[in-house]
Amino acid sequence: MTSEERHEGRAQRRRAAREAHRRERLAEHDNFNRVADYNSLYRAYKDARKGVTWKASVQRYGIDLGKNLCRTHNALINGEDVRKGFISFDLMERGKLRHIQSVHFAERVPQKSLSQNALMPVLENGLIYDNGASRSGMGISHAIDRITLQLQQHYRKHGNEGYILQIDLKDYFGSIPHGKLKEMIREKFTDERIIRLTEQFIDAFAEEKMREMKKFKEVAAECGEEYAIGLGLGSEVCQICAVSYPNRVDHFVKEDLRVKPYGRYMDDSYLIHISKEFLKKALEKIRGIYQSLGIRLNEKKTRIVKLSRGFTFLKTQFFLTDTGKVVKKICRDSVTRERRKLKKFAALVNAGEMKFSQVREQYASWRGYAGKKDAYKTIRSMDKLFNRLFIEEWVYIPQAS
């Protein structure tokens, strides 16, 4: 038996195992009654309020909790529309304007119940291990640990020679076509009520976009499904769909290209290989798959970089040294933003508009993030700035002579 035949045999066994596991999960979670169940909604409410119990909308919902959960349960069972519209606002993040469409808390509860009891258990079954975005127990730390391990494994075989292909998607959330996304949902589920509820949450963003254009009826009649593209940055259902939508690309790289050092975190992904020519050919194939999904690559940020020169992934600078050590540094932009933020906070504290305890909590959070990187000198420098702004200037009281 040749190596190709052995590889194909292993691939078939993996596919069969995944399919068996998918059917098992589907039998358990392809059930709308599980989503609409009162106990499921109560658990969703408890999870949805974590970290935001101080908000007035959350407190209002909790005051009449029993009545609100019963209302949501009855609306779901009767097939009524549980969408409440959006709270829209713009956010400038690192020089990039982001349009946020946050859902009301009363809608966040059924969305979380749908995500916990149907979407995530079923869609997660087909995701690769190196796709860690929006998954329990994973996240950014998991993604950074995985690429660190993959770099170490690459060094054992090839040293620090080789290249990394970094892929970035252009306006990822805003370019996902609703038609293809709905096809993916229909392939995964058989319960029409789950499919209909998921499609309602997806369609809400296209409808809101058309309303903002003040031509809802005209645009809907002229463009129809063609106009229905894009998901919002504020919906848990859309977040899960965005994680799963390019799953075809992930399996193509892992199974067809047979590249193990690969990972994706939402719209950022990478491939590590010893051959630059191999990565160039791989990029063309990946670009074609993304085009078939209706997604474009950000050509300015998609590049092939030599490993020995270092690269940036998830706001972390990676360097693979001659000795095999993987050095992880903080991006300079992150340090600059934190320095500017501390200086602004100092002015607010001195003006009595902000408490020192709030600043201390924020800086402790940043310091914990920085402590996971190779940034000893940077942290020392930031500690000196923090002490000069908040300790030496106004906390320390000199003794009277």
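Colleague: Which residues point one way from strand 4 (residues 262-265), and which the other way?

Modeller: This is a predicted model. In a regular strand, side chains alternate between the two faces of the sheet. Strand 4 splits into two pairs, and all of these residues are buried. One way point Tyr-262 and Arg-264; the other way point Gly-263 and Tyr-265.

Colleague: What stands opposite Gly-263 in strand 5?

Modeller: Strand 5 covers residues 268-273 and pairs with strand 4 over 4 bridges. The sense of that pairing is antiparallel. Across from Gly-263 in strand 5 is Tyr-270.

Colleague: Which residue takes a positive phi in the hairpin of strand 4 and strand 5?

Modeller: The hairpin has 2 residues between the strands. A positive phi near 60° occurs in this hairpin, at Met-266.

Colleague: Does Asp-250 count as buried or exposed, and why?

Modeller: Asp-250 belongs to helix 13, residues 247-256. Buried means under 20% relative accessible area. Asp-250 has 0% relative accessibility, so the class is buried.

Colleague: Which residues does Asp-250 touch, not counting residues up to four places away in sequence?

Modeller: Two of the partners, Tyr-262 and Arg-264, point one way from strand 4. Leaving out residues up to four places away in sequence, the full list is Ile-128, Asn-131, Tyr-262 and Arg-264.

Colleague: In what order do the 3 strands of the open sheet come?

Modeller: The pairing is antiparallel. Strand 7 (311-313) and strand 9 (326-330) are the edge strands, each pairing on one side only. From one strand to the next, the twist averages 35°. The order is 7-8-9.

Colleague: Which residue of strand 9 stands opposite Phe-319?

Modeller: Strand 8 spans residues 316-320 and is joined to strand 9 by 5 bridges. These two strands run antiparallel. Opposite Phe-319, in strand 9, is Val-327.

Colleague: Which helix lies across strand 7, strand 8 and strand 9?

Modeller: The helix in question runs at about 15° to strand 8. It covers residues 140-158 and is helix 7.

Colleague: Which are the buried residues of helix 16?

Modeller: Helix 16 (residues 356-370) has 15 residues and reaches 21 Å from first C-alpha to last, close to the 21 Å expected. Its buried residues are Phe-356, Val-359, Tyr-363, Trp-366 and Ala-370. They sit on the same side of helix 16, because they cover an arc of only 90°.

Colleague: Which exposed residues are on the face of helix 16 turned away from its buried side?

Modeller: Exposed means over 50% relative accessible area. On the face turned away from the buried side, helix 16 carries Glu-361 and Ser-365.

Colleague: What separates the C-alpha atoms of Ile-77 and Asn-33?

Modeller: Ile-77 is in helix 5, residues 65-77, and at 39% relative accessibility counts as partly exposed. Beyond four places in sequence, Ile-77 touches Phe-32, Asn-33 and Ala-36. Ile-77 and Asn-33 are 44 residues apart along the chain, yet the C-alpha separation is 7.9 Å.

Colleague: What percentage of the 401 residues do buried residues make up?

Modeller: The protein has 17 helices and 9 strands. Of contacts with a separation of 6 or more, 71% are between residues 24 or more positions apart. The protein exposes about 22,300 Å², and carbon and sulfur atoms supply 49% of it. The buried share of the 401 residues is 45%.

Methods
Residues numbered from 1 in each chain as written. Predicted model: local features only at pLDDT ≥ 70, side-chain atom pairs only at ≥ 80, totals over all residues. Heavy atoms only, no water. Expected span 1.5 Å × (residues − 1). Buried < 20%, exposed > 50% of the residue type's maximum accessible area, 1.4 Å probe, protein only. Arc of directions from axis to C-beta. Pairing = 2+ DSSP bridges. Axes fitted to C-alpha atoms, helices over the stretch in contact; angles between N-to-C directions. Contact = heavy atoms within 4.5 Å. Areas by Shrake-Rupley, 256 points an atom, 1.4 Å probe, with all protein chains shown as cover.
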